Amino acid sequence: MPRQSTRTKKPATEALEAEKVEKLVEEKPQKEQKKRGRKPKQVVEETPVEDKMEVEEEQKGEETTTQTKADEQKPEQQEEAGSDSEEGSDDEEDNDLDLDALDESDSDSEFERDLNEKQSAAGIQANKYQKAAEESSDEEEDEDEIDIDELDVDGEEGEEVKAISKARQTINNKQGLLTALKRFALDTTDKVPFAFHQSIVAKKVTEESIPSIDDDLARELAFMNQALEAARVGRTLLRKEGVPFTRPTDYFAETLRSDETMEKVKAKLIEEATAKKASAEARKQRDLKKFGKQVQVAKQQERAKQKRDTLEKINLLKKKRKDGGGPTGANEAEDLFDVAVDNELKGGPSGNNSKKRGRDGKEGGGPNAKRQRKDAKFGFGGKKKYAKSNDALSSGDVSGFSARKMKSGGPAGGKPKKFKPAPRPGKARRKAGAGKR
Amino acid sequence: MAAVYKSLSKSAKKVEDTENDNNTTTNGGFRKNKQRVLILSSRGVTYRHRHLLNDLAAMLPHGRKDVKFDSKSKLYQLNELAELYNCNNVMFFEARKGKDLYMWFSKVPNGPTVKFHAQNLHTMEELHFTGNCLKGSRPLLSFDLAFEQEPHYRVIKEVFLQMFGVPQGARKSKPFIDHVMSFSIADGKIWVRNYEIREVEKAKGEKDSEGNDIVPESDKSSSKKRKGAPNAELKDTDVSLVEIGPRFVLTPIIIQEGAFGGPIIYENKRFISPNQVRSELRKAKATRHNARVEQVKERLGKLETLTAQAKKEKDVLDTRELFA
């Protein structure tokens with residue numbers, strides 16, 4: 001962990017401390033003050049205790065960063081705000097708590113965590129400082145009060161003002177803050193109508209309802225709940241005062257976000273919705289396809305099973321017949337039936353074959369429907385040789401001959417016309433067709 | 001004559017007159033809220049900073065947008081500028097290094113000034129929220145309870161109240177209230193959000209159950225509502241919020257007593273400058289690299305010494321010695 005950079009501010013402040021010179025700070029020359037930036041403008045007065053601290057820190061070397069110093073101070077301020085119990089154990093607790101809080105809070109900067117870890121290591125030493133600082137801070141407070149009073153009186157008259165504060169530490173001049181607040185604060189008490197300021201302070205500390213600052217959803221929810229409570233309370237108060245709250249539906253005026261922006265938002269919403277819908281549809285289609293195949297297979301299996309069953313039944317019947325000893329009361333119908341059964345049985349040995357084929361589902365009417373159609377169209381079996389060659393009959397057939405066609409230009413014109421496939425339909429028609437499917 | 005009587009009778013009642021500002025007059029026992037905000041940025045703002053500035057300017061009908069200010073060191077000049085435009089608030093966007101945005105909120109003649117570091121900026125345009133509200137309608141300002149607990153937060157709250165709160169009867173403001181600006185403190189930072197208030201119809205039973213889930217105060221407020229306004233319409237509607245934007249997070253850095261000057265009365269010890277953060281990151285990276293380079297060097301050195309040793313030392317039993 002490089003420490004040099006965190007010490008940037010120290011030398012300057014030390015110099016200031018070393019001087020220990022009282023300076024008069026004017027109200028007017030803001031230019032000078034600005035130049036000095038964040039370095040304390042006010043006069044530095046160190047208690048001896050502070051000096052000791054300084055020495056100790058020097059010995060410690062560059063370990064103490066500005067950040068560390070800042071954290072040392074935090075418990076001190078808490079104490080100032082609350083009770084003045086100054087026990088070592090208390091201090092330690094405070095310090096630990098502080099570090100934890102810091103650890104949790106600053107998620108964006110990794111290196112700070114490292115810093116904190118270091119701090120906990122140097123925590124004991126820090127505690128020593130705290131005690132010393134607390135003692136000195138009490139004195140500081142007293143001084144502050146006096147100075148602020150002076151400042152108040154002088155400030156209005158535009159005269160010179162002097163105030164004293166610690167140089168090395170970060171500044172939190174509570175008295176000064178309160179006086180500044182008093183100077184410019186609007187009256188938001190119950191004496192003024194609510195419509196005057198329209199500000200609502202929540203009843204809860206919002207941070208308490210945020211489990212982790214990195215949890216975006218929970219955090220935003222907490223903020224929203226705060227605002228929602230304010231909206232409810234505000235509406236109640238405003239209605240009580242008779243201030244119009246709800247915008248009537250026929251009140252049109254320029255809005256904060258332009259119509260184009262809202263149009264964009266709407267377009268985006270619609271796009272998202274359609275995308276969602278389309279993906280859902282596609283998924284459904286996929287599922288359907290998968291399911292459809294399953295159904296088909298199941299159907300085929302069922303058919304095969306049915307076929308097997310009927311065959312078995314017929315076999316059984318046949319056996320029974322044989323056992324029964326020939327055709328007894330044989331009329332013609334039964335004869336016919338017998339023939340059918342025999343035929344079926346003759347196919348018996350080949351029935352094994354058919355069983356094999358049965359798995360393919362071609363058992364029913366022999367080949368599948370497509371084959372059947374093709375067979376019907378082109379014929380099946382038989383001699384293939386010379387099938388296309390002319391014979392006496394075909395050569396005598398002149399029905400396809402037309403003298404007029406011959407004259408007009410031969411087959412070049414006619415043939416392509418004949419074999420030209422149907423033109424591809426237009427896009428719209430194709431789409432419509434797809435929709436039907 | 002009646003007016004004179006009115007004013008006299010009212011002035012008898014008023015108490016807060018003693019603490020007067022130059023921009024305030026008395027009206028019915030309390031100060032009149034007269035605010036005008038000068039909104040401007042420094043040079044070198046990015047598009048996002050600029051859009052945020054535009055968003056805020058659109059939300060403040062009492063705001064006056066000005067051209068970019070050409071200095072980052074002489075901010076006290078802004079005081080004169082504000083005076084020129086009759087503004088008593090200045091909202092100044094200071095961009096540094098083309099990426100960091102600092103926001104200065106200042107009450108002009110007498111201060112205080114608050115300097116923030118703005119992070120996580122999201123403008124209205126880029127956030128695709130569905131909320132919208134009237135341009136220039138007065139917002140409800142919702143503050144976290146934490147704003148009341150520390151003096152510096154109280155100062156910040158007051159500054160926000162005067163800057164973002166549209167004063168009653170502001171010139172371009174609209175008569176209805178349809179949005180809430182919420183300021184919450186979490187993680188030592190101030191999170192600013194802007195929501196539209198939408199009135200939704202709700203059945204009574206639903207309202208009780210759901211309202212309890214969201215906010216415990218709803219019961220009380222709804223009962224108050226019924227008492228206060230016996231309209232049938234009021235009973236049925238409830239409030240829901242839809243975010244509008246923009247979003248941003250402010251880390252207070254300092255509070256100065258004057259306007260762009262004066263002693264610093266608060267300094268945030270938890271604030272770390274983004275420059276420092278970046279440099280730390282860079283250094284962390286550099287140390288990693290340095291360690292690696294050192295390792296390589298060490299290894300090479302070892303290798304060298306070993307080879308040198310091997311060359312130097314010739315043993316008696318070396319093959320070259322033996323069979324030379």
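The questions and answers below walk through a predicted model of chains A and B.

Reader: Let's start where the chains meet. Which helix of chain B gives the largest share of the side that touches chain A?

Author: Happy to begin there. In this predicted model, 95 residues of chain B are in contact with 83 residues of chain A. Eight residues on the chain B side come from one helix, residues 274-312, and that is the largest share. The helix is H8 of chain B.

Reader: And by class, how many residues on that side of chain B are nonpolar?

Author: The side of chain B that touches chain A includes 25 polar residues and 25 charged ones. The nonpolar residues there number 45.

Reader: Which strand of chain B pairs with strand S3 of chain A?

Author: Strand S3 of chain A covers residues 199-201, and its pairing with chain B is parallel, over three bridges. Within that pairing, Val201(A) stands opposite Phe143(B). The partner strand, residues 140-143 of chain B, is S8.

Reader: Just past that strand sits Phe147(B). Is Phe147(B) buried or exposed?

Author: Phe147(B) lies in the loop between S8 and helix H4 (151-164) of chain B. Leaving out residues up to four places away in sequence, Phe147(B) touches residues of chain B, including Tyr153(B) and Phe183(B), and also Val201(A). It has 25 other C-beta atoms within 10 Å, and a residue needs 20 or more to count, so Phe147(B) is buried.

Reader: How far apart in space are Phe147(B) and Ile190(B), C-alpha to C-alpha?

Author: Along the sequence, Phe147(B) and Ile190(B) are 43 residues apart. Their C-alpha separation in space is 9.6 Å.

Reader: Now to strand S6 of chain B. Why is S6(B) described as largely enclosed by the rest of the structure?

Author: Strand S6 spans residues 100-107 and has antiparallel neighbours in chain B: S5 (residues 89-96), through eight bridges, and S7 (residues 113-122), through six bridges. Ala95(B) in S5 stands opposite Leu101(B), while Tyr102(B) has His117(B) in S7 as its bridge partner. S6(B) is largely enclosed because, of its eight residues, the number buried is seven.

Reader: Which residue in the turn between S5(B) and S6(B) has a positive phi?

Author: S5(B) and S6(B) form a hairpin with three residues between the strands. In the hairpin of S6(B) and S7(B), with five residues between the strands, Gly111(B) takes a positive phi near 80°. In the turn you ask about, phi is about 60°, and the residue is Lys97(B).

Reader: Another lysine caught my eye. Is Lys269(B) buried or exposed?

Author: Lys269(B) is in the loop between strand S13 (264-267) and H8 of chain B. Its C-alpha atom is 8.1 Å from that of Ile253(B), 16 residues away along the chain. With 20 other C-beta atoms within 10 Å, and 20 or more being the cut-off, Lys269(B) counts as buried.

Reader: Finally, which helix gives the most to the largest nonpolar core?

Author: Nonpolar side chains tend to be buried together in soluble globular proteins. Here the largest nonpolar core has 88 residues, and Ala227(A), Val90(B) and Met103(B) are among those with the most contacts inside it. Ala227(A) touches residues of chain B, including Val180(B) and Tyr195(B). With ten residues, the helix that gives the most to this core is H10 of chain A.

Key
Residues numbered from 1 in each chain as written. Chains lettered and ligands numbered in written order. Predicted model: local features only at pLDDT ≥ 70, side-chain atom pairs only at ≥ 80, totals over all residues. Contact = placed C-beta atoms within 7 Å. Helix = DSSP H or I, 4+ residues; strand = E, 2+ residues; numbered from the N terminus. Nonpolar A, V, L, I, M, F, W, Y, C, P; charged D, E, K, R; others polar. Pairing = 2+ DSSP bridges. Buried ≥ 20, exposed ≤ 12 C-beta atoms within 10 Å, placed from the backbone. Core = buried A, V, L, I, M, F, W, Y, C linked by C-beta atoms within 7 Å.
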